[in-house]
Every structure is written in structure tokens, then in C-alpha cells.
Amino acid sequence: MMVRPHRRHPLWLAYMLHRLSGLALALFLPAHFYMLSLALTRPRQLDHFLSLADNPLVKLAEFGLVFLLAVHFFGGLRLLALEFLPWSPRQKSLAAGAVAGAFLISATFLLRAV
Amino acid sequence: MLDLRYYMAQRLSAMVMGPLVLGHLAVMIYAIQGGLSSAEILSRTQGSIAWFLFYGAFVVAVSIHAAIGLRVIVHEVTGLAGRWLEVFTWGTGAALLFMGARAVLAVTMP
Amino acid sequence: MEVAVWRGSGDRGAYQTFSVPAHDNQTVLDVVSWIQQAVDPSLTYRYACRVGMCGSCAMMVNGQPRWTCRTHVKRVLADGRLQIGPLRNLPVIKDLVADMDPFFDKWVKAGGVHKPSRTREEPIQEVSPDDPGRVVANTAIECINCSVCYAACDTVAGNPDYLGPAALQRAWTLYNDVKVQDRQSVLDAVTGTGGCMNCHSQGSCTRFCPNELDPLSAIAGLKRAAARSFLKGRG
């Protein structure tokens with residue numbers, strides 16, 4: 001993908017990542033809601049959907065969704081910190097490093113547990 | 001295309017969702033261990049006020065958040081503005097809220 | 001070196017290529033001037049001070065907004081080529097001259113004019129350089145209105161009402177100026193539909209500001225102030 005020259009810097013790419021992940025999540029939501037509402041009306045169809053979860057392609061899509069949610073979540077935290085915390089650039093770098101470190105450690109533990 | 005009220009609704013709904021997303025991720029990871037079955041999930045959620053409140057709050061917040069987020073994207077990409085942009089925003093929010101409420105009720109009603 | 005220069009007016013035009021002799025010490029503005037003086041006197045561009053004070057010579061250089069008088073060719077040359085165009089996000093008058101009216105109109109709309117709080121009969125207000133508000137205000141007073149940030153901003157591109165980084169940074173300066181009494185009116189001017197809340201924190205303004213100012217943080221400051229006033233019930 002060609003990124004125009006004035007956009008080639010980390011903050012712009014973070015913005016685009018946040019926008020695309022948000023858009024994808026918003027488009028996924030109606031499908032997600034519809035599937036869950038089947039529990040009330042047609043439980044058998046819901047089971048059918050859930051059995052699809054064993055399909056590797058669906059597994060990949062699921063992983064993608066969790067990934068999108070995580071990306072949008074951390075992007076959102078970044079934005080809230082940037083907008084609402086009057087920190088110095090050094091404090092922000094430290095905070096970002098701490099969050100990333102904590103995430104790395106907890107993700108490692110989580111992956112071992114699963 | 002955001003006035004102060006839309007902006008605050010967007011940010012406040014994001015703050016509400018912060019802990020909810022973490023909870024949801026934890027639930028997902030827990031649920032996929034050993035495979036999913038609707039009976040298994042429903043037996044825990046149906047009739048539970050706690051899950052109703054958790055996912056009810058989530059649906060309200062996400063409907064607001066997604067509707068405003070899509071509003072901004074639609075305005076900046078297509079140039080849609082004025083009354084139709086309001087119709088789009090509120091329509092999207094209402095549709096998400098309706099579908100989300102149905103899903104929450106289906107999963108948590110006894 | 002090969003230099004492609006935008007020629008045309010309004011929405012219409014195309015890049016025209018010139019061969020320009022390369023020198024050791026050469027700014028992008030030198031290149032444009034050489035073309036106009038040696039090849040085509042009809043080439044239209046704008047400059048005044050040539051030393052980074054006046055803010056009139058900004059152009060798109062290889063797709064990035066820059067002050068051309070203090071941009072050395074050596075730093076931006078890509079494969080011996082240079083592409084020079086008028087500033088983005090503004091209407092083109094002719095060739096490299098962008099119409100700055102929308103930029104300055106928004107500056108005024110964002111309340112960029114100082115409204116004095118004392119009359120001439122009153123004594124001059126003392127301002128301590130150490131005053132916290134003054135320290136914040138000082139960070140942005142070197143803005144030269146070159147519109148580089150405005151051209152770099154994609155939110156401006158997508159949302160024509162958006163006031164843009166320079167005007168909002170000016171409002172943040174006024175908001176922190178101890179001589180300004182009516183803070184709320186400063187805030188009101190930048191919290192309408194095209195206000196500071198539309199910023200997506202892409203950070204291109206701060207990235208490209210030739211004076212190394214930080215409009216991104218200034219706008220974040222405005223958002224904070226706006227959110228505070230909203231929660232206090234002034235929304």
C-alpha cells in the first residue's frame with residue numbers, strides 16, 4: 001500500500017489503525033448481536049454457528065476479531081491518555097513502555113494457560 | 001463534525017467500555033477453553049442479573065460509541081452533512097441498541 | 001537535477017519538469033527562484049523574508065509541506081528529483097501560490113484576535129515570566145502562520161469546517177494568557193462543530209511544524225479544558 005509522504009510517521013499510522021479497527025468492529029457488531037439473539041429463538045441454529053468455530057478459517061477470523069478489539073482498546077487508551085492527561089512527553093513514553101511491558105508479560109502467561 | 005456533546009458521549013462511552021472490554025476478553029478466553037457450546041454458556045448467563053447488567057451496559061456504551069465513530073468516518077469520507085448525517089448517526093445508534101438489547105435479553109433472560 | 005513544478009490555476013494544472021543546476025548550498029526556494037529568473041518568468045510563487053520569519057513561502061516538497069526558504073535541497077532530494085507543488089488543503093490561485101484566505105478566516109473564527117481586558121487609563125498589567133499560564137502560552141508564540149500544519153492535516157482535508165492546528169493552537173495560547181479575562185469565550189469559539197474535538201491526533205501538525213511547535217498538545221489542552229467545562233455544565 002502506498003502511504004502518501006505527509007502520512008509516513010507513527011502517529012498517523014496509529015490513527016489509521018484505530019480508525020480501521022473501529023470500522024471493522026462496528027461492521028461486525030450487527031452480525032455478533034444477531035448470532036447471540038438466536039439463543040432465544042433458534043438455539044439449534046446458534047449451536048450450528050458455534051460448531052463452525054472448529055473450522056480453521058473461522059478460528060482465524062475469531063483471532064482477527066480479538067486482535068482488532070485489542071488494537072482498538074489500546075489505541076483508545078492511548079488517545080484518552082494523550083487528550084486527558086497533561087503529561088510530559090517523557091512521562092508518556094514511560095507510561096506507554098509500562099503498559100506495553102505489562103501487556104507482554106500478561107499475554108505470555110495467558111498463552112501458557114490456554 | 002462533532003460538537004462538544006457528541007465528543008463527550010464518544011469519550012465517556014469509551015471510558016465506560018475500558019473495563020468492560022477487559023472483562024469481555026477474559027470471558028472469551030475462558031469460554032473458548034475446551035470448546036464452545038451454547039448450552040454451556042447459556043446455563044451460566046441466563047437468569048443472571050450480573051451478566052445482564054454487564055452486557056447491558058456494554059451494549060448501550062458500544063451503540064453510542066460506534067454510532068458516533070461511524071458518523072465521523074461517513075462525514076470525512078463521503079462529505080455527508082446536515083440533517084442526513086443526524087439521521088445516519090441516530091439511526092445507526094438505534095439499530096445497534098435494538099439488536100444489542102435483543103442479544104442481551106436472549107442470553108440473560110431466564 | 002530534475003524539478004517538477006506544479007503549473008496551473010484553480011483545480012486545473014499539471015507538473016512541468018525543469019532541469020536545474022545543483023549547488024552545494026541551495027534551498028528549495030532558491031530552486032524555484034532560479035526557474036523563475038532563468039527559464040520561465042511567468043512562474044508564480046510567494047516569498048518575502050527568505051529567513052524563516054514571514055511564513056509566506058511554504059509549499060509541498062516531494063509530497064510534504066515545508067518552508068522552502070529554510071529547506072535545503074540536499075535534505076529532501078529523492079533520486080535526484082524534486083517535486084514542488086502548492087500547499088495542500090487550500091485553493092490554488094496560480095502555480096505555487098495557494099489562497100491563504102480559508103486559513104486566516106479560520107484563525108479569526110477561532111478567536112485569534114486579542115481582546116484586551118484593561119483600558120488605556122488603567123496601569124499596565126504585570127506578567128511574570130514564571131507564571132504557569134504564561135509558560136504554556138510561550139510555547140506557541142513563535143507561530144509564523146505559514147500554514148504548513150494546515151496543509152499536513154488530514155482532518156482538515158476531510159472536514160472543511162475544521163479550524164485546523166494553527167488556529168486552535170492560537171486559541172490555546174489565548175486561553176493560557178494571563179491578560180485574557182474571558183476564558184469561556186475563548187473556549188466557546190473552538191468548541192463548535194468545526195472545533196478542537198474533531199482532531200484525530202494524527203500529529204502531522206507537530207511533525208511538520210518548521211518552528212518545532214506542538215499544536216497536537218495545544219489541541220489536547222483545549223480538549224481537556226472543553227471537557228472540564230462540559231462536566232461543569234457549561235456545555
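## Two residues with positive phi

In this predicted model, C:Asn89 is buried, because 21 other C-beta atoms lie within 10 Å and 20 or more are needed for a residue to count as such. C:Asn89 sits in the loop between β5 and β6 (92–94) of chain C, and its phi is positive, about 65°, although the residue is not a glycine. Most residues other than glycine have a negative phi.

A second non-glycine residue with a positive phi is C:Asp79, where the angle is near 55°. C:Asp79 belongs to the loop between α2 (73–76) and β5 (81–85) of chain C, and this residue counts as exposed because it has 7 C-beta neighbours inside 10 Å.

## The two sides of helix α3

Helix α3 of chain C spans residues 101–109, and C:Phe103, C:Lys106 and C:Trp107 are buried in it. Viewed down the axis of α3(C), these buried residues fall within an arc of 110°, so they line one face of the helix. An α-helix has 3.6 residues a turn, so residues three or four places apart point the same way.

The cover over the buried residues of α3(C) includes α5 (148–152) and α7 (165–176) of chain C, whereas C:Asp101, C:Asp105 and C:Val108 are exposed on the other side of α3(C). After α3(C) comes C:Gly111, with a positive phi near 80°.

## Chain C as a whole

Chain C contains ten helices and seven strands, and its C-alpha atoms fill a box of roughly 60 × 35 × 30 Å along the principal axes. Of the 235 residues in chain C, 45% are buried. Among contacts in chain C with a separation of 6 or more, 64% join residues 24 or more positions apart.

Terms used: Residues are numbered from 1 along each chain as its sequence is written. Chains are lettered from A and ligands numbered from 1 in the order in which they are written. This is a predicted model: local features need pLDDT of at least 70, side-chain atom pairs count only at pLDDT 80 or more; totals for chains, interfaces and linings use all residues. Helices (H or I, at least four residues) and strands (E, at least two) are DSSP runs, numbered from the N terminus. A residue is buried if 20 or more other C-beta atoms lie within 10 Å of its own, exposed if 12 or fewer, and partly exposed in between; C-beta atoms are placed from the backbone. Two residues are in contact if their C-beta atoms, placed from the backbone, lie within 7 Å. The arc is that of the directions from the helix axis to the C-beta atoms.
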